[in-house]
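Student: Could you zoom in on one part of this structure and walk me through it slowly? I'd like to know what sits around it.

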Amino acid sequence: MDHLPAPLFSATYFQDPYPTLGWLRDRSPVHEFAFPVGAVRTWIVTRFDDVRAMLADQRFSSEGGTWGSPEFQAAGLVSGAGSVLEKAVTVVDPPAHTRLRRLVMTAFTPSRITKWQTAVEKAVATALDDCEARGSFDVMAHYAGPVSSTVMSEILGLRIDRHEQLVQALAQAFPSDDAQMPKVAEGFARICDYAADLVAEKRRRPDDDLTTALLRARDDGDRLSEEELVATVAAMILAGSDTIRAFVGNAVLALLDHPDQRDLLAERPGIEEPAVEELLRYEGALSTALFRVTTEELTFGDTVLPAGAPVIAALLSANRDPRQFDEPDRLDLTRTRLRHVGLGHGLHNCLGAALARLEGRIAIPALFRRFPRLDLAVARHDLRYIENWAMRRLVALPALTTGASR
């Protein structure tokens, strides 16, 4: 085949991106294409070694508003443009990034992370009881969604009743459809407004949560400004509201597709930790990292990239690269010394990586322990994925069980 199996970020691609990504790894590993929003010249990097090298190379900046090409900025592709999110730790370069990350991480104390485990276990138990009472249920709507939103609410002090509003705002902020671009700014503004409300509320009524801890964060006399604080909370909402739901759903489907690995997870003590790493590799929530832009003209591999070029690191593709992994399309929970990019790589690796791993280790095995005969309630080919270039998430995962086990 001498042409792409499906155009990048097309409807066909979103349902099964792997044939296209495999074609690119073999034939065009640093591939130029027109991004569907604004037809902006863009490059996508698909091989494992190239993705890691690019994400660790500071000539690829996260500051699209500073270094991005005029056409990139004019198309509205700068993350958080015009909002306080431009100051978030996820989209700034060193030295600002170094300072912000150091301050933010002072709030991630061992005692606070220990409390997160209790919150996850409680949320999982409640969601499992609800699923059992339903008999048949949607893993995304009735299990993965409630678990991730309840835990995020507990950690940040969010009001759970606003979770669905935030999910809608996320869809507005990261559209794949050109027609939805006018709503991008509104999506980011909604997220920032809620973060500002939350910060103000915690300033009035401090509590034992991460938002309050960030209000109090200090490092050698330094502290977060009001804008940095709101941007940090907004970035955490962006990172934690939907990605963990997506990961749990993808992991459950992968195990339903591989019953031998599902049995292994249930039967082998202590396999939870390596299992989560393999599930993150096999199909994590992040299809790509956020845009990087080149700060100068440079040669990457055999490709010359102009200054200001937007470049996308394809995380899903890197994790299925046969140059790095034996039989990469096979789920194998016994893989050892697994080095993947399911949560990113480099300075901007996922801020919530510890939480994602914790929720995965608890929520995924617990579902199969409670419902050992869990099965799909629809034909496999009827499952659909959302059309989003940066996230891999099922729309729904209807399941049924013939019995529960406590």
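Tutor: Sure, and one sorting rule helps at the start: Ala, Val, Leu, Ile, Met, Phe, Trp, Tyr, Cys and Pro count as nonpolar, Asp, Glu, Lys and Arg as charged, and the others, Gly among them, as polar. Keep in mind that this is a predicted model, where local features need pLDDT of at least 70, side-chain atom pairs count only at pLDDT 80 or more, and totals for chains, interfaces and linings use all residues. Residues are numbered from 1 along each chain as its sequence is written, and side-chain values use heavy atoms, without hydrogens or water.

Let's pick helix α7, which covers residues 110–134 (a helix is a DSSP run of H or I, at least four residues, numbered from the N terminus). What does α7 help to line? The second largest pocket, where α7 gives the most to the lining, with eight residues. (A pocket is an open set of points on a 1 Å grid over the protein atoms alone, with protein on both sides within 12 Å along at least five of seven lines; lining residues have an atom within 4 Å of a point.) This pocket holds about 360 Å³ of space, counted as what probe spheres set on the points fill. Its lining has 19 residues, and Lys 115, Ala 119, Val 151, Glu 154 and Ile 155 lie nearest the centre. Helix α8 (139–156) joins in too: α7 and α8 each supply at least two lining residues. By class, the lining has six nonpolar, five polar and eight charged residues.

Now for a helix partner of α7. The axes of α7 and α17 (residues 353–370) come within 10 Å and cross at roughly 30° (axes are lines fitted to C-alpha atoms over the stretch in contact, with angles from 0 to 180 degrees between N-to-C directions). So α7 is roughly parallel to α17, a label for angles under 35 degrees. Their crossing is right-handed: the near helix is turned clockwise from the far one by less than a right angle.

Which residues touch? On the α7 side, Ile 113, Trp 116, Gln 117, Val 120, Glu 121, Val 124, Ala 125, Leu 128, Asp 129 and Glu 132 take part. They meet Leu 355, Leu 358, Glu 359, Ile 362, Ala 363, Ala 366, Leu 367 and Arg 370 of α17 (contact means heavy atoms within 4.5 Å). By class, that contact has 12 nonpolar, one polar and five charged residues.

Definitions and conventions: Parallel < 35°, antiparallel > 145°, perpendicular 65-115°, else oblique. 1 Å grid on protein atoms, 1.4 Å probe; cavity = no way out; pocket = protein on both sides within 12 Å on 5 of 7 lines; lining within 4 Å.
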